[in-house]
Amino acid sequence: MNPDILKHYLADSPPSVVPLAIKPHFEALNDQEKLYAHYISVACFAGTRIVLRQVSPESEHIYDFIITLYKHAKGDWKKVQKDAGLSDDELKAFLEYSAQFLGNAGNFKSFGDSKFVPRLEARQLKALATLTPETLELYEKFKDSIFAGKNEESMLLGYPDGGHVTAYYPDSPDITKEEITIISDFLESKKLLPENTRVRKTKDGFDVLIASAIQDPSKDARDISESEWELEGKLKGKKLRLVFGDYSKEMAKIAEAIKQAQKYALNDTEKKMMEEYEKSFTTGSLEAYKNSQRYWIRDKGPMVETDIGFVETYRDPHGIRGEWEGFAAMVNKERTRAFGELVESAPKLIPRLPWNKEFEKDKFLSPDFTSLEVLSFAGSGIPAGINIPNYDDIRQTEGFKNVSLGNVLSAKPPNEPIPFIKESDLETYSKWRDAAFEVQVGLHELLGHGCGKLLQETKPGEYNFDIKNPPVSPLTNKPITTWYKPGQTWGSVFGPVAASYEECRAECVAMALSCDFDILSIFGFGDGKTDIDGPAGDVLYAGYLSMARAGVVALEFWDPKSRKWGQAHMQARYSILRTFLNAGKEFCELEYTKDDLSDLTIRLERSKILSHGRPAVEKYLQQLHILKATADVENGTKMYDDITHVDNFFAEKVRPAVLEKKQPRKVFVQANTVLEGDKAVLKEYEPTLEGMIQSYAEREYI
C-alpha cells in the first residue's frame, strides 16, 4: 500500500489513555448494590470475545496474543522487551497498539470502522511471538491480517462483495449484498428479529446463526417454531436454516452471571428483568429480550443502572445486526435533577419542533433520564449518552430510557489540542464546550430520539392515523401517500442509512431546541431570558461551534476510494455543517489563507445563530422527520445522500487538512470488581498503556 495512505491507518502514537473515574460512586453503594453491580459487570465483559468475533476474523487471536504475553511476563514488560530483543521505541509501539486494540475490542476503530495497524515491522512482532509456544501459534493465525492489506477496501468494514471486511457474515467471502438483502427480507417476513444473528453462506444455502447458550432450545422457547425453509426467487433451490448456539460458551457465562445478579436485584422489576435476560441469552429468544427491555424501562431511578445485549446495529454493513455491549453504572443524583426537570418540561417543548401534532406521538411517554457514572462498559467503545431500547413498537407505545454518561463526558487528556477553532474563540470554546455537550446529549437523547410518530398500518386494515383523511405533509402541502406496512420497522425500511439518518434527526432536534434560553436555564445556564452575549449565550455558541467543528473533523471517517462513510454520527454531523454553510456566509464559513488549508478555521457568527442558524437547522430537521415518519424511503434516502455527499473541495482540500491534524480518540481504563469473601470490592488501574492491558488481563471471566 502507498506509504502516504498507510500512515493514516497506523495506530495512534500515543493513544489518549484516560481513567474512567468511579471510586466515590461505587463506594457509596451498599453491599447488596455492589454485588449486583459486580455480577452485571461480569456478564457484560463475558461478552468481550463476542465483540472480537464480530469485528474481524483475526481480532480474537490478536487479543489472546496480547493477554498471553502479559501473563507470561507477569506484567513485566521490560522482561518482554529484553527477551524479544526490542528497543524502547519498539516496545512502546507494541504497547500503544495493544492499548488501542483493547480500547476498541478489535483491530478496527469503533468510531470510524477503519483498520489500524501496529507501528512495528513483521520481524519485531515475530520476535515477541517466539517468547512462548502459545504466542507463536497465535501469531501464525494473524500474521498476514494484522498489517495493512493489499488495497484500501480491506482496511474498512463493509459488505464482502465491496472488498471490505465483516465478521457478521463469517466464512462467507463470496456472499453478496443482494443475498444478504434477500435473506434479511425473508426473515423479516417470518417476524424473526435479526439483532443477535449472523449469516453464513454454505454449499447448499445459508445458515442463520443465533446467539444462545444452548444449541437446541425447545420449540416453545423459540421465537418461531420453524427452523428450515426452501428459498424462492433468485435464491430458488437454496436452503435457509436457523442454527442455534452461536457464541454458546460466552452466552452460557453471561447467562450464569445474570442469574447470580438476580440474587442481589433490588426490587421485583429488576428480578424479572434479569429473568428475561437469562432466558434470552440461554435460548436465543429476542422476544424474551424485548420483555427484559419492558421491565428495564419500568425500573425507574435505580441505584445501579444497566442494560446489556445485542444493541446497536452501526457496524453490520446491512444495519440490522447488533453488536454485543453492556454496562453497569451508578446514578449521579445531582446531575440527574436537571434531566428530571427536562423530562417534566418535554410535553411543552416538543410542540416547538417544526411539525404538527399529527406527526407526533399522541402522548409523550415520560422516560427515566439519569446521569450515570460508568463502572463497566463492555463493547467496542463507550458513548456519551444512550437512548434505548431501539425497538420501535416499545418506544412508540411503552416508553424508553435516556442516560447521560457523566464520567465519560468529563474524561479528558491533559493539554488536548483543538484544531479548526479560531484563536479568538478558543477561550470561550474551551470553557463552555463540556457544558454545551451535556446540553446537546440531553436534548439529543431525550427529545431527539424520544420524539416523533411513525405513521403505520399496524395490522391489515388498521392504522394509527386517519386513513380517510391522511395528514398533510408540510413538505408538499398534500396528504401523505406512504406509511409503514404491517411488520415493517424504521430500520427494515430505511436499511443501512437508518442509523446515521436517525442520529442526524436527533442532533438537529438538539441544535434547534438549544436555542431556547428557558431550556438552557434548566441545565443551570442563565435565567431563561434571551441573552446571546451572556453565559447561556456562551453555551449556545460553544454548542454550535462544536457541531461545526465535528462536521469538519467528520471527514476523517469518510473513505475517498469507496466514497463510504464509516461512522453514523460523523456522517450526520457533516450534513449539519453543510446546513450551516448553506445558511450563508453571513452565518458560517470555512476560512483559510494557505493552499493546503493548514490554517483552516471555522467562522461562525454568534449574533446570527437565532436568525440564520436555527431556521436552517429546522428546515432540514422538518425534512428528516416527515420523510421518516411517513416511510418515504425513496425521497428520504435521496435527500440524505445528497447532503452527505462529499464534493471535490471537501474530499481533496479539507479532508487532507483534517487528517494532518487528527487527534487520537480516548481509550478508557476501567476499574474491575472482585469478590473478597461475600463482598464485592473495586480494583483500579493506572491510566497508562500498561494499566490498560493489566485491566483486561485480570478479567479472568473473559
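## Pocket, annotated sites and backbone exceptions

Helix H25 contributes five residues to the lining of the second largest pocket, more than any other element. The structure is a predicted model, in which local features need pLDDT of at least 70 and side-chain atom pairs count only at pLDDT 80 or more, while totals for chains, interfaces and linings use all residues. Residues are numbered from 1 along each chain as its sequence is written, and side-chain values use heavy atoms, with hydrogens and water left out.

### Exercise 1

Describe the second largest pocket by its volume and its lining, and state between which domains it lies.

**Solution.**

Step 1. The volume is about 460 Å³. A pocket is an open set of points on a 1 Å grid over the protein atoms alone, where a 1.4 Å probe fits, with protein on both sides within 12 Å along at least five of seven lines; lining residues have an atom within 4 Å of a point. Points are joined across faces, edges and corners, and the volume is the space filled by probe spheres set on them.

Step 2. The lining comprises 24 residues, and those nearest the pocket centre are His8, Glu152, Pro560, Arg655 and Leu659. Two or more residues come from each of helix H1 (3–6), strand E13 (558–559), strand E14 (564–565) and helix H25 (648–660). Helices (H or I, at least four residues) and strands (E, at least two) are DSSP runs, numbered from the N terminus.

Step 3. By residue class, the lining holds 10 nonpolar, four polar and 10 charged residues. Here Asp, Glu, Lys and Arg count as charged, Ala, Val, Leu, Ile, Met, Phe, Trp, Tyr, Cys and Pro as nonpolar, and the others, Gly among them, as polar.

Step 4. The chain is assigned domain 1 (3–20 + 57–105 + 114–152 + 685–698), domain 2 (162–248) and domain 3 (417–661), with bounds from an automatic or database domain assignment. Because domain 1 and domain 3 both supply lining residues, the pocket lies between them.

### Exercise 2

Locate the residues that UniProt lists under "active site" and "binding site", and establish whether Glu445, His444 and Glu503 are buried or exposed.

**Solution.**

Step 1. In an unreviewed entry, UniProt lists Glu445 for "active site"; positions follow the numbering used here, feature names are shortened, and annotations may be inferred rather than shown by experiment. The "binding site" annotation, likewise from an unreviewed entry, covers His444, His449 and Glu503. These binding-site residues are spread over 60 residues of sequence but cluster in space, with a largest C-alpha distance of 8.4 Å.

Step 2. Helix H17 (residues 423–448) contains Glu445, and His444 is found in H17 as well. Glu503 belongs to helix H19 (residues 498–513).

Step 3. Relative accessible area is 7% for Glu445, 5% for His444 and 6% for Glu503. Each residue therefore counts as buried, since buried means under 20% relative accessible area, exposed over 50%, and partly exposed in between (1.4 Å probe, protein chains only).

Step 4. Setting aside neighbours within four places in sequence, the contacts (heavy atoms within 4.5 Å) of His444 include His449 and Glu503. On the same basis, Glu503 is in contact with Tyr314, His444, His449, His569 and Ala572. Glu445 contacts Gly385, Ile386, Asn387, Asn402 and Gly450 beyond that sequence window.

Step 5. Ser500 is also placed in H19 and is buried, at 2% relative accessible area. Tyr640 is one of its contacts outside the four-place window; their C-alpha atoms are separated by 9.3 Å, although the residues are 140 apart along the chain.

### Exercise 3

Identify where the backbone has a cis peptide bond or a positive phi in a residue other than glycine.

**Solution.**

Step 1. Most residues other than glycine have a negative phi, and most peptide bonds are trans.

Step 2. Ser13 and Pro14 are joined by a cis bond with omega about -5°, and Pro14 lies in the loop between H1 and strand E1 (16–19). The bond from Ile388 to Pro389 is cis, with omega near 5°; Pro389 lies in the loop between strand E9 (385–388) and helix H15 (392–397).

Step 3. Lys74 has a positive phi of about 55°, sits in the loop between helix H5 (59–72) and helix H6 (77–84), and is exposed at 73% relative accessible area. Asp113 has phi near 60°, sits in the loop between helix H7 (88–104) and helix H8 (122–129), and is buried at 8%.
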